[in-house]
Amino acid sequence: MIVVAIDGPGGVGKSTAARGLARRLDVPHVDTGAFYRAATLAVLRAGVDPADGPGSAEVARRAVIGWRAGRALLDGEDVEDAIRGPEVTANVSAVSAHPEVRAALLERQRAGVRERGGVVEGRDAGTVVVPDADLKVWLTAAPAERARRRAGQLGRTAPGEVERLTAELAARDDADAAQMARARDAVVMATDELEASQVLDRLEAMARSAREASGRREEARG
């Protein structure tokens with residue numbers, strides 16, 4: 001069993017890397033950001049002000065968030081497309097900033113790796129969600145590169161889209177600054193010059209090495 005935490009700002013390739021690594025290691029993939037997006041959708045549907053911490057937390061506690069074939073479910077409904085939409089994106093930073101909301105979702109995020117280990121992605125996976133992870137990685141890239149990748153993901157090809165997305169990502173980074181924390185023992189990997197497959201190859205090599213080291217420690221204790 002191995003637990004890997006992959007953190008970093010938006011647009012660095014966390015989701016692609018985390019999903020791919022989880023497949024290669026045959027362990028669960030936990031997208032902590034998707035939990036906050038699903039909770040934000042629940043808050044909006046409930047008519048609660050995203051700035052209302054206690055109200056948002058109460059909605060988050062009641063919400064049944066799950067997954068089917070890699071797609072997010074909210075109270076049994078497939079909401080994968082909705083949680084990636086502009087309304088949720090515009091409000092998720094406000095909702096996820098509330099300590100009460102983060103506390104309401106934390107144990108559910110951790111539950112995904114208890115039985116078989118897993119790959120956890122987010123902005124504070126290595127510091128809060130799985131601080132005892134066997135491997136912690138912080139992915140990074142220049143703002144313009146992050147914006148270019150995000151434009152490709154969203155299919156935004158009009159002139160000026162990269163510049164607009166660069167500004168949007170900078171605003172999101174500022175809004176998430178309190179939650180976006182790099183673990184002191186995280187390996188920093190710049191992805192600017194790397195293809196997704198190269199990032200994945202490096203992560204897999206590090207993860208397998210970390211798993212072997214963990215196994216040796218367990219043998220020594222036993």
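User: Where in helix α6 is the kink centred?
Analyst: In this predicted model, helix α6 covers residues 99–111. The helix bends by about 35°. The centre of this kink is Leu 105.

User: What distance separates the end C-alpha atoms of α6?
Analyst: Helix α6 has 13 residues, and at 1.5 Å a residue the expected span is therefore 18 Å. The distance in the model agrees with that expectation. The end C-alpha atoms are 19 Å apart.

User: Which residues of α6 are buried?
Analyst: A residue counts as buried when its relative accessible area is under 20%. The buried residues of α6 pack against other elements, among them β2, α2, α3 and α5. The buried residues are Val 101, Arg 102, Ala 104, Leu 105, Leu 106 and Gln 109.

User: Which residue in helix α6 forms a salt bridge with Glu 107?
Analyst: In an α-helix there are 3.6 residues a turn, so residues three or four places apart point the same way. Glu 107 and its partner both lie in α6, three residues apart, or about one turn of the helix. The closest N and O atoms of the pair are 3.2 Å apart. The partner is Arg 110.

User: Is Glu 107 buried, partly exposed or exposed?
Analyst: The class between buried and exposed runs from 20% to 50% relative accessible area. Glu 107 has a relative accessibility of 41%, so the residue falls in that class. Glu 107 is partly exposed.

User: What is the N to O distance in the salt bridge between Arg 114 and Glu 107?
Analyst: The side chains of these two residues meet in a salt bridge. Such a bridge requires a nitrogen and an oxygen within 4 Å. The distance for this pair is 2.5 Å.

User: How many residues apart are Arg 84 and Asp 31, which form a salt bridge?
Analyst: The closest N and O atoms of this pair are 3.4 Å apart. Arg 84 lies in the loop between α4 and α5, whereas Asp 31 lies in strand β2, so the bridge links distant parts of the chain. Along the chain, the two are 53 residues apart.

User: Is Asp 31 buried or exposed?
Analyst: Its salt-bridge partner, Arg 84, is partly exposed at 38% relative accessibility. Asp 31 has a value of 12%, and the limit for burial is under 20%. Asp 31 is therefore buried.

User: How many salt bridges does the whole structure hold?
Analyst: Arg 24, Asp 201, Glu 204 and Arg 208 are linked in a network of such bridges. A search of the whole structure gives the total. The number of salt bridges found is 16.

Technical notes:
Residues numbered from 1 in each chain as written. Predicted model: local features only at pLDDT ≥ 70, side-chain atom pairs only at ≥ 80, totals over all residues. Heavy atoms only, no water. Helix = DSSP H or I, 4+ residues; strand = E, 2+ residues; numbered from the N terminus. Buried < 20%, exposed > 50% of the residue type's maximum accessible area, 1.4 Å probe, protein only. Expected span 1.5 Å × (residues − 1). Bend = angle between axes of the 7 residues up to and from the residue. Contact = heavy atoms within 4.5 Å.
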